[in-house]
Amino acid sequence: MAKKKSISYSQFSLWEQCPYSWKLTYVDKAIPFTDNIYTLFGTSMHEILQEYLRVMYSDSIKAADELYLEEQLEDRLKKNFLEITKKNGGEEFCTKNDMLEFYNDGLKIIDYFKKKRNQYFSKRGYELVGIETALNYDLPNNLKFRGFIDLVIKDTLRNRIKIIDIKTSTWGWNKYQKADKNKTDQLLLYKQFYSKEFNVPMDRIDVEYFIVKRKLYENTDFPQKRIQTFIPANGTPSINKVNRRLQAFMDECYDKDGNIISHNYEKCSPQKKCKAFTKCKTL
């Protein structure tokens, strides 16, 4: 049998947003993925928060609090910037002012996280099961679903698993973003594939988006938090819905051997508010 081909949530999500953009990216290879200051910051903040939690759960809260996270963030930003620039053939993708602004935003997130950490993560009755836990689940059409779970934490008292996806955001998620299935369905797929790969009943798995905000609104009459958590509907009906859409994607875009089927998707009209606007309007 031929080696199974891999698909990711980002690929499925792009097809749902705009099939034309999906074709440009994955069939025509006309628009390769390019990093920007937002992805650079997101990667770096993930690494910082994960390192804190790794030390906290494997050693102690005291040891985690003593980490020089501010210096580590600066080092991660520089390291990731150089790697991305090298990958881009030496072309820089952000300015020094951009880096400084995002770094200062990161310092505020770190400060808030360390002060309020006990509201979100506890050692009493909890253990860290995994960081960047790999999913490699067999699908129909000779395909595999591949993904990485940011955090997996076990509630040892109730024998439950929590899957957490860390998101960096400028202002946080509003009600429209929380209702956007392209944002929230990722954890529904992760939940069921983790359940099947690691033999954990789905009714013992919880999911959560852990959203850290770079900016807070000024002159507001209510207190604001740098951290926002959101639990999407993730019961059986919601999971069945995303499964049907994933199956529709595979049936339309891949043959039984996992080879991509090329369709002549039409470019979105200028009047249409395409969710993948940048890519769809590029060519």
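Helices are taken here as DSSP runs of type H or I with at least four residues, numbered from the N terminus. In the predicted model examined here, Gln50 lies in helix α3, which spans residues 37-58. With a relative accessible area of 8%, Gln50 falls under the 20% cut-off and therefore counts as buried. Beyond the residues up to four places away in sequence, Gln50 touches Ile131, Glu132, Asp150, Leu151 and Ile166.

One of these partners, Asp150, belongs to strand β3, formed by residues 143-155. Asp150 has a relative accessibility of 5% and is therefore also classed as buried. When residues up to four places away in sequence are set aside, the contacts of Asp150 comprise His46, Gln50, Gly130, Ile131, Glu132, Ile164, Asp165 and Ile166. The contact with Ile166 includes a polar component, in that the side chain of Asp150 reaches the backbone nitrogen of Ile166 at 2.7 Å. Asp150 is separated from Thr85 by 65 residues in sequence and by 25 Å in space, as taken between the C-alpha atoms.

A further buried position is found in strand β2, residues 126-139, where Thr133 is located. The relative accessible area of Thr133 is 14%, and Thr133 is therefore assigned to the buried class. Apart from neighbours within four places in sequence, Thr133 is in contact with Gly147, Phe148, Ile149 and Val152, and also with Tyr194 and Phe198.

The packing of helices α5 and α6 was examined next. Two packed helices are described by the angle between their axes and the distance between the axes. For α5 (residues 69-87) and α6 (residues 96-116), the axes come within 10 Å and cross at roughly 145°, and the crossing is right-handed. On the α5 side, the contact is made by Leu69, Glu70, Leu73, Glu74, Leu77, Lys78 and Phe81, which meet Met99, Tyr103, Gly106, Leu107, Ile110 and Lys114 of α6. By residue class, this contact between α5 and α6 divides into 8 nonpolar, 1 polar and 4 charged residues.

Helix α5 itself contains 19 residues and reaches 26 Å from its first C-alpha to its last, close to the 27 Å expected at 1.5 Å a residue. Its buried residues are Leu69, Gln72, Leu73, Leu77, Asn80, Phe81, Ile84 and Thr85, and the elements that cover these buried residues include α3 and α6. An α-helix has 3.6 residues a turn, so residues three or four places apart point the same way. After α5 comes Gly89, for which phi is positive, near 75°.

Helix α8, residues 181-198, has 18 residues and extends over 25 Å between its first and last C-alpha atoms, close to the 26 Å expected at 1.5 Å a residue. This helix is mostly covered, with 13 of its 18 residues buried. The N-terminal end of α8 is capped by Asp180, of which a side-chain oxygen lies 2.9 Å from the backbone nitrogen of Asn182. Following α8 is Asn199, with a positive phi near 55°.

In helix α2, residues 19-27, the buried residues are Tyr20, Ser21, Trp22, Lys23, Leu24 and Thr25. Helix α2 is followed by Lys29, for which phi is positive, near 55°.

Technical notes: Residues numbered from 1 in each chain as written. Predicted model: local features only at pLDDT ≥ 70, side-chain atom pairs only at ≥ 80, totals over all residues. Heavy atoms only, no water. Axes fitted to C-alpha atoms, helices over the stretch in contact; angles between N-to-C directions. Helix = DSSP H or I, 4+ residues; strand = E, 2+ residues; numbered from the N terminus. Left-handed = near helix turned anticlockwise from the far one by under 90°. Contact = heavy atoms within 4.5 Å. Nonpolar A, V, L, I, M, F, W, Y, C, P; charged D, E, K, R; others polar. Expected span 1.5 Å × (residues − 1). Buried < 20%, exposed > 50% of the residue type's maximum accessible area, 1.4 Å probe, protein only. Polar contact = N/O pair within 3.5 Å; in protein donor to acceptor, adjacent residues only side chain to side chain.
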